[in-house]
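I opened this model to work through its fold and its interior. These are my notes, in the order in which I looked things up.

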Amino acid sequence: MPRYEYRCRTCGDTFELSRPMAESSAPAGCPAGHTDTVKLLSTVAVGGSASAPAPRAAGGGGGGGGCCGGGCCS
């Protein structure tokens, strides 16, 4: 379940709630009991690792060169 971050306009407290996406913009009460809150725009960090090998150049020669302006050099 996604977590959303909110800020209370009354006390300035920032807090998170886990709730379904369908309820993300529903009013959220502050832990201190205030009701004037706003949902914050959060950035998402996605991490992971790729274990696939790097693609090889056409011809499979295996020798030198990198890509220069979209073409392969040798």
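**Entry 1: the sheet.** In what order do the three strands of the open sheet lie? I noted first that this is a predicted model. I read the order as 2-1-3, with antiparallel pairing. Strand 2 and strand 3 are the edge strands, each pairing on one side only. I also looked up the twist: neighbouring strands of this sheet are turned against each other by 35° on average, direction ignored.

**Entry 2: the whole chain.** I counted five strands and zero helices in the protein chain. Along the sequence the pattern reads β-β-β-β-β. The chain has 74 residues, and 12% of them are buried. I put its accessible surface at about 5,900 Å², with 54% of that belonging to carbon and sulfur atoms. Of the contacts with a separation of 6 or more, 27% are between residues 24 or more positions apart.

**Entry 3: pairing of strand 1.** I went through the partners of strand 1, which covers residues 3-8. With strand 2, strand 1 pairs in the antiparallel sense over five bridges. I listed some partners in strand 2: Glu5 has Glu16 as its bridge partner, Tyr6 has Phe15, and Arg7 stands opposite Thr14. With strand 3, strand 1 pairs over three bridges, again in the antiparallel sense. There the bridge partner of Arg7 is Val38. Arg7 is thus placed opposite Thr14 in strand 2 and is bridged to Val38 in strand 3.

I then checked the hairpin of strand 1 and strand 2, which has five residues between the strands. Gly12 in this hairpin takes a positive phi near 80°.

**Entry 4: the two faces of strand 1.** Which side chains of strand 1 point to the buried face? I found Tyr4, Tyr6 and Cys8 there, all buried. Arg3, Glu5 and Arg7 point to the other face and are not buried. The side chains alternate along the strand.

**Entry 5: the core.** I looked for the largest nonpolar core and found six residues: Tyr4, Tyr6, Cys8, Phe15, Ala28 and Cys30. Strand 1 gives the most to this core, with three residues. For background, nonpolar side chains in soluble globular proteins tend to be buried together.

I also listed the contacts of Tyr4, leaving aside its neighbours within four places in sequence. Tyr4 is in contact with Phe15, Glu16, Leu17, Arg19, Pro20, Met21, Ser24 and Lys39.

**Entry 6: aromatic rings.** How many aromatic pairs does a search of the whole structure find? It finds one. The rings are those of Tyr6 and Phe15, with centres 5.8 Å apart and planes at 20°, so I recorded the pair as stacked. The cut-off that decides this is that planes under 30 degrees apart count as stacked. Both Tyr6 and Phe15 are buried, and Phe15 is also the bridge partner of Tyr6 in strand 2.

**Entry 7: the loop between strand 2 and strand 3.** I looked up three residues here, starting with Ser24, which lies in the loop between strand 2 (14-18) and strand 3 (37-39). Is Ser24 buried or exposed? Its relative accessible area is 12%, so Ser24 is buried, the cut-off being under 20%. Apart from neighbours within four places in sequence, Ser24 is in contact with Tyr4, Tyr6, Arg19 and Lys39.

Pro27 is in this loop too. I recorded Pro27 as exposed because its relative accessible area is 75%. The C-alpha atoms of Pro27 and Tyr6 are separated by 9.8 Å, with their positions 21 residues apart along the chain taken as the spacing.

His34 also lies in the loop between strand 2 and strand 3. At a relative accessible area of 26%, His34 is partly exposed. I noted that His34 and Thr10 are 24 residues apart in sequence and 6.8 Å apart in space, C-alpha to C-alpha. Beyond its neighbours within four places in sequence, the contacts of His34 are Cys8, Thr10, Cys11 and Gly29. Among them, Cys8 is a member of the largest nonpolar core.

Definitions and conventions:
Residues are numbered from 1 along each chain as its sequence is written. This is a predicted model: local features need pLDDT of at least 70, side-chain atom pairs count only at pLDDT 80 or more; totals for chains, interfaces and linings use all residues. Side-chain values use heavy atoms; hydrogens and water are left out. Helices (H or I, at least four residues) and strands (E, at least two) are DSSP runs, numbered from the N terminus. Buried means under 20% relative accessible area, exposed over 50%, partly exposed in between (1.4 Å probe, protein chains only). Contact means heavy atoms within 4.5 Å. Rings of Phe, Tyr and Trp (its six-membered ring) pair if their centres lie within 6.5 Å; planes under 30 degrees apart count as stacked, over 60 as edge-to-face and the rest as tilted. Two strands pair if DSSP finds at least two bridges between them. Axes are lines fitted to C-alpha atoms, for helices over the stretch in contact, and angles run from 0 to 180 degrees between N-to-C directions. A nonpolar core is a set of buried Ala, Val, Leu, Ile, Met, Phe, Trp, Tyr and Cys residues joined through side-chain atoms within 4.5 Å. Accessible areas come from the Shrake-Rupley method with a 1.4 Å probe; for residues, only the protein chains shown count as cover.
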